[in-house]
Amino acid sequence: MSNNEQHGFGTKAIHAGQQPDPTTGAIMTPIYQTSTYVQESPGVHKGYAYARGKNPTRIALEQCLAALEGAKHGLCFASGMGAADSIIKLLRPGDEVICTDDLYGGSYRMFERVFAHFGIKFHYVNMQSAENIRPLINANTKMLWVETPTNPTMKIIDIAACAAIAKAHNILLVVDNTFASPYLQNPLALGADIVMHSATKYLGGHSDVVMGAIVTNDDKLHEQLAFLLNSCGANPGPMDSFLVLRGLKTLHVRMERHCSNGRAIAEFLRTHPKVDKVYWPGFTDHPNHEVAKKQMRDFGGMISFTLKGDSFEEASRVASAVKVFSLAESLGGVESLLGHPATMTHASIPKPERERAGITDSLIRLSVGIEDIDDLIADLKQALA
Ligand SMILES: *Cc1c(COP(=O)(O)O)cnc(C)c1O
């Protein structure tokens, strides 16, 4: 029953890729804490030879994730960056990549400070209009790298429109689906070739593990990525695989609450006298609200806002005054987090460039958790007072 494609998202989240343990009947997938597997005779084994290549706990997780993204294949990596690293290693020197301009900072750092030295060229463009991609395409363009919603100003990029451009030019479309999670958005169904995740965020969901994942429907891409995983060694451990597998079982329930709490907080902030802009794709006047409605199931729990007067000191005061929210990097866990991008996640970007991207001194980013909404709103009210 576990891999029945007819089943709904919640049933797959709990069962896909998993069977009761054949030796004991244990309902939970065992943590196969082993580095190697005994062979019957040289080269004759049960499909497992060495744990960098394959581990049964990891495989259960990979199959569950693939089911949730509507994918044929899944692979898990030691971190989101480990997954991104393997995707770029599909390329060759001279190849070019066109990326979302407000890319996750760690991806930008890896592209510019690691892979640029290996002769891969990265272009960055505002993809809120997918047409902006076309002028950058040349004979060397091999990949589009899309993130949506973007961090931290929640731009929405039309995945299907990007896929149409990618297909027309024989370019791979990669979508970093970390912010949406497979509950809100399934890019493969919209034409993406590869979807990556930082499983550290919503998939794990409990701020207790760092992991990455890649899913695809393409047999050849999967084979190349599995080769890179085994060859380069960014494989996650069995304990971490177990934690994410357990986290996935409540993904749909957690996401429902992230979304309803997110909506209530976005609406609260919008009417607060000290708040200037609120970035959340659920507002009908968000520039790409219609695209968000078309490609997402709901609008998520990520919200950013600025303060009237744009004072760094005032933002800093608010960030230190919260009591239920915690001031921390990362996102997607059950607990609500508050971040100040200008000094935290985006501190390495020069101020003029940062401000052009909307990351002004008073911008505050919230990862709305699944606590009681009244407590979260009361906390923001007292911090903003
Ligand atoms: C966190 C994050 C990553 C990197 O993932 P790690 O698990 O921290 O290596 C990549 N993309 C996005 C959008 C992220 O939020």
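In this predicted model, serine 198 reaches the ligand through its side chain, with a polar atom lying 2.8 Å from a ligand oxygen atom. The backbone contributes as well: a polar backbone atom of glycine 80 sits 2.9 Å from an oxygen atom of the ligand, and for methionine 81 a polar backbone atom is likewise 2.9 Å from a ligand oxygen. On its own the ligand has 380 Å² of accessible area, and the protein covers 92% of it. The shell around the ligand numbers 13 residues, of which Gly80, Asp176, Ser198, Thr200 and Lys201 come nearest. Sorted by class, this shell holds five nonpolar, five polar and three charged residues.

Glycine 80 also leads into the helix packing, as helix α3 spans residues 80-88. Helix α3 packs with helix α4 (residues 105-113) at an angle of about 40°, and the two axes are 11 Å apart. An angle of this kind makes α3 oblique to α4, and the crossing of the two helices is right-handed.

The loops offer some backbone details worth a look. Between β4 (141-147) and α5 (159-168), the connecting loop contains proline 149, and the peptide bond joining threonine 148 to proline 149 is cis, with omega near -5°. Proline 152 is found in the loop between β4 and α5 too; the bond leading to proline 152 from asparagine 151 is cis, with omega near 0°. Further along, in the loop between α5 and β5 (172-176), comes asparagine 170. Although asparagine 170 is not a glycine, its phi is positive, at about 60°.

Key:
Residues numbered from 1 in each chain as written. Predicted model: local features only at pLDDT ≥ 70, side-chain atom pairs only at ≥ 80, totals over all residues. Heavy atoms only, no water. Near = heavy atom within 4 Å. Polar contact = N/O pair within 3.5 Å; in protein donor to acceptor, adjacent residues only side chain to side chain. Areas by Shrake-Rupley, 256 points an atom, 1.4 Å probe, with all protein chains shown as cover. Nonpolar A, V, L, I, M, F, W, Y, C, P; charged D, E, K, R; others polar. Axes fitted to C-alpha atoms, helices over the stretch in contact; angles between N-to-C directions. Helix = DSSP H or I, 4+ residues; strand = E, 2+ residues; numbered from the N terminus. Parallel < 35°, antiparallel > 145°, perpendicular 65-115°, else oblique. Left-handed = near helix turned anticlockwise from the far one by under 90°.
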